[in-house]
Every structure is written in C-alpha cells, then in structure tokens.
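This briefing looks at how the parts of one protein model are held together, moving from helix packing to nonpolar cores and then to salt bridges.

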Amino acid sequence: MGGGRDAILEALENLTAEELKKFKLKLQSVPLPTGYGRIPRGALQPMDAMDLTDKLVSFYLESYGSELTATVLRDMGMQAMAEQLLERLRGPSELHFVDRHRRALISRVTDVEGLLDALFDDKVLTEEQYQEVRAQATNPSKMRKLYSFTPAWDLTCKDLFLQALRDIQPYLVEDLEKH
C-alpha cells in the first residue's frame, strides 16, 4: 500500500459508523475541480472504510484522494483529523503548522489568554507552565514563553495547539495557511 492510501484508510477507520455515513454523504456534495467526476452514490452506500479507500484511490489517485478526504473531514467539522491526515502525508521532514509559522504566530496572536485556556483545558500545559506564560508582560513575550515548551510536545499536542488557534483566531490561521 502507498502512503496516501494508508493515510486515507487510517482516517476513515477512525470514523464511527454514523461519521462514515456522513462522510459518504458529504463526498457527494463537495466541489470537485474540473476533470474529476463523482463516485456514483449507489456504489458508495454499502462500502466500508477499506472499500471506500480503494474507491477514492482508484477514482482520484492517492494525492488528490487524500486532499479530498481531508476536505470532506474539514467539512464535517473534523479539522484535527484532517490535519493529521495531511501531516501523515507530509511525513516527518516537513514541519508542523505551529513550527512552520512560529515567527508569525508570536507576533500576530492577540488572544493569548484564550489560547492558554484551551491548552490548559486539553492538558497540553501544566498549571505551572500556564502561570509562567501568563506572567509575561506582552502577547509576544507570552507566545515566546509558550513556544519554549513545544520541544517536549508530540504531534497530538501540536494538533491541539492548532485546533485552539483555529477556534480562537480562525482568520489568522486561514491567512497563514495560504502561505
């Protein structure tokens, strides 16, 4: 199996039966680029995650099938899962969003307190780390202190950081994703 196929399969296998049903429904309505057709609805309905992965790859190839899967997951409100799928495709050599956009996030995040609350609630930060960051005088200083903890974070922690940013400052994330 290829990397794209594996990533799609992993994402689809992590969906509940209801979520998989919703995925198939959304797959029928998501806009497709010129030149791509739709998988017939009748063929989609009885498919499990493995069959759907095979169909996505045979219809759209691995690269676009992966992008399409991530788009549908985002459409379903499952941004973290979509990001995990794309991270898996990028592999270990590419930096995570929060690492890639470190400088911009340090200077542009304005609701650091909201971000801290989300990270503390998700148990990414300890009480001590939370207080250390809050003690800083300016937002850029707070973000620099927050970034001092990131080397100890795994992919899940960084995904939670990104999700918190998407929830708190969606337009900033959207702007950075364009670059």
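Helices, as the term is used here, are DSSP runs of H or I with at least four residues, and they are numbered from the N terminus. By that scheme Gln-129 has its place in helix H9. The model is a predicted one, and the points below are grouped by topic.

**Helix H9 and its partner H10**

- Two packed helices are described by the angle between their axes and the distance between the axes.
- Helix H9, which covers residues 127-134, packs against helix H10, residues 139-147, at an angle of about 150°, and the two axes are 8 Å apart.
- Because angles over 145 degrees count as roughly antiparallel, H9 is described as roughly antiparallel to H10.
- On the H9 side the contact is made by Glu-132, Val-133 and Arg-134, while H10 contributes Lys-142, Lys-145 and Leu-146.
- Sorted by character, the residues of this contact between H9 and H10 comprise 4 charged and 2 nonpolar residues, with no polar ones.
- Within the same contact, the side chains of Glu-132 and Lys-145 meet in a salt bridge, with an N to O distance of 3.3 Å.
- Since Glu-132 lies in H9 and Lys-145 in H10, this pair ties together parts that are 13 residues apart in sequence.
- Glu-132 is partly exposed, at a relative accessible area of 26%, and Lys-145 is also partly exposed, at 25%.

**The surroundings of Gln-129**

- Gln-129 has a relative accessibility of 19% and therefore counts as buried, the cut-off for that class being under 20%.
- When its neighbours within four places in sequence are left aside, Gln-129 is in contact with Val-124 and Phe-149.
- Val-124, one of these two contacts, is also included in a core of 26 residues that is described under the next heading.

**Nonpolar cores**

- The largest nonpolar core has 29 residues, and those that touch the most other members are Leu-12, Phe-23, Leu-27, Leu-52, Leu-56 and Leu-73.
- Two or more residues of this core come from each of helix H1 (3-13), helix H2 (17-27), helix H4 (49-75) and helix H5 (79-90), and H4 gives the most, with 10 residues.
- Leu-12, with residues up to four places away in sequence not counted, touches Leu-20, Phe-23, Ala-49, Leu-52, Thr-53, Leu-56 and Thr-69.
- A second core, separate from the largest one, has 26 residues, among them Val-124, Met-143, Cys-157 and Leu-172.

**Salt bridges elsewhere in the model**

- Across the whole structure, a search finds 8 salt bridges.
- In one of them the side chains of Arg-5 and Asp-54 meet, with 2.6 Å from N to O; because Arg-5 lies in helix H1 and Asp-54 in helix H4, the pair ties together parts that are 49 residues apart in sequence.
- Asp-54 is partly exposed, with a relative accessible area of 33%.
- Asp-99 forms a salt bridge with Lys-158, whose closest N and O atoms are 2.6 Å apart; the pair ties together parts 59 residues apart in sequence, since Asp-99 lies in helix H6 (residues 97-100) and Lys-158 in helix H11 (residues 155-168).
- In this pair Lys-158 counts as buried, at 14% relative accessibility, whereas Asp-99 counts as partly exposed, at 24%.
- Glu-83, Arg-166 and Glu-177 are joined to one another in a network of salt bridges.

Conventions
Residues numbered from 1 in each chain as written. Predicted model: local features only at pLDDT ≥ 70, side-chain atom pairs only at ≥ 80, totals over all residues. Heavy atoms only, no water. Axes fitted to C-alpha atoms, helices over the stretch in contact; angles between N-to-C directions. Parallel < 35°, antiparallel > 145°, perpendicular 65-115°, else oblique. Contact = heavy atoms within 4.5 Å. Nonpolar A, V, L, I, M, F, W, Y, C, P; charged D, E, K, R; others polar. Buried < 20%, exposed > 50% of the residue type's maximum accessible area, 1.4 Å probe, protein only. Core = buried A, V, L, I, M, F, W, Y, C linked by side-chain atoms within 4.5 Å. Salt bridge = Lys/Arg side-chain N within 4 Å of Asp/Glu carboxyl O.
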